[in-house]
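Here are a few exercises to work through with the model open beside you. Try each one yourself, then read the solution.

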Amino acid sequence: HLLRMHSRDNDPSDDRTQVQCVEFCPHPSYMSWCASAGGDSVCVVDCRLGEVVKKFREKGEVFTALTWMLPAEGVDDSDDLLLIAGGETGNIYLLSVIHDECFMTLSPLQNVPVSSLLTLPKHPRVLLSAFETRAFVHRIGA
């Protein structure tokens, strides 16, 4: 499947908008899903079907990093499936994939692009974020 979900203004001839990163979903119920970040959008794709199942857009942002955050250990709740994306503005967006909403924005550094995001499998509510010269540890939720 070839999907052009990050093209500017949904223009199929746009070949300038870069896709910055892509990552498969590690949740056992959604193993055929992947997320990609590029331009002003983050997309969730069902690779088996070749369909965009979710699309988050933030006007004025250019997304540069993303990672998945799974439910806490022992919690079998797909409602808790999160996608975390960061951009050139320095903002980090916590996205509820199931509820199709951004429910929190973190701003550890303004106007410094997020270069990397990482979650820890043994500590699913810990998020690491990296910028040009700094890294931060965030504790998300309980």
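**Exercise 1: a charged pair**

In this predicted model, Arg 57 and Asp 40 form a salt bridge, with their closest N and O atoms 3.2 Å apart. Work out which parts of the chain this pair ties together.

*Solution.* Start by placing each partner. Arg 57 sits in strand 4, while Asp 40 is in the loop between strand 2 and strand 3. The two parts are 17 residues apart in sequence, so the salt bridge links pieces that don't follow directly on each other in the chain. Next, check the surroundings: Arg 57 has a relative accessible area of 42%, so it is partly exposed. Asp 40 comes out at 24%, so it counts as partly exposed too.

**Exercise 2: the other salt bridge**

How many salt bridges does a search of the whole structure find? Take the one between Asp 46 and Arg 48 and decide for each partner: buried or exposed?

*Solution.* The search turns up two. In the pair of this exercise, the side chains of Asp 46 and Arg 48 meet at 4.0 Å, N to O. Now use the cut-offs: buried means under 20% relative accessible area, and exposed means over 50%. Asp 46 has 6%, so it is buried. Arg 48 has 61%, so it is exposed.

**Exercise 3: reading a sheet**

Four strands form an open sheet. Find their order, then say which strands stand at the edges.

*Solution.* The order is 1-2-3-4, and the pairing is antiparallel. Now look at the ends: strand 1 (19-24) and strand 4 (51-57) each have a single partner strand, so one side of each has no neighbour in the sheet. On average, neighbouring strands here are turned by 20° against each other, ignoring direction. Zoom in on one pairing: strand 3 and strand 4 run antiparallel and are joined by six bridges. You can also spot Val 45 standing opposite Val 52 in strand 4.

**Exercise 4: finding the cores**

Which residues touch the most other members of the largest nonpolar core, and which elements give two or more residues to this core?

*Solution.* Keep one general idea in mind: in soluble globular proteins, nonpolar side chains tend to be buried together. The largest nonpolar core has 18 residues, and Trp 33, Val 42, Leu 66, Trp 68 and Leu 83 touch the most other members. Strand 2 (33-38), strand 3 (41-46), strand 5 (63-69), strand 6 (82-87) and strand 7 (92-96) each give two or more residues to this core. Apart from it lies another core of 13 residues, including Met 69, Ile 84, Leu 109 and Leu 127.

Methods. Residues are numbered from 1 along each chain as its sequence is written. This is a predicted model: local features need pLDDT of at least 70, side-chain atom pairs count only at pLDDT 80 or more; totals for chains, interfaces and linings use all residues. Side-chain values use heavy atoms; hydrogens and water are left out. A nonpolar core is a set of buried Ala, Val, Leu, Ile, Met, Phe, Trp, Tyr and Cys residues joined through side-chain atoms within 4.5 Å. Buried means under 20% relative accessible area, exposed over 50%, partly exposed in between (1.4 Å probe, protein chains only). Two strands pair if DSSP finds at least two bridges between them. Axes are lines fitted to C-alpha atoms, for helices over the stretch in contact, and angles run from 0 to 180 degrees between N-to-C directions.
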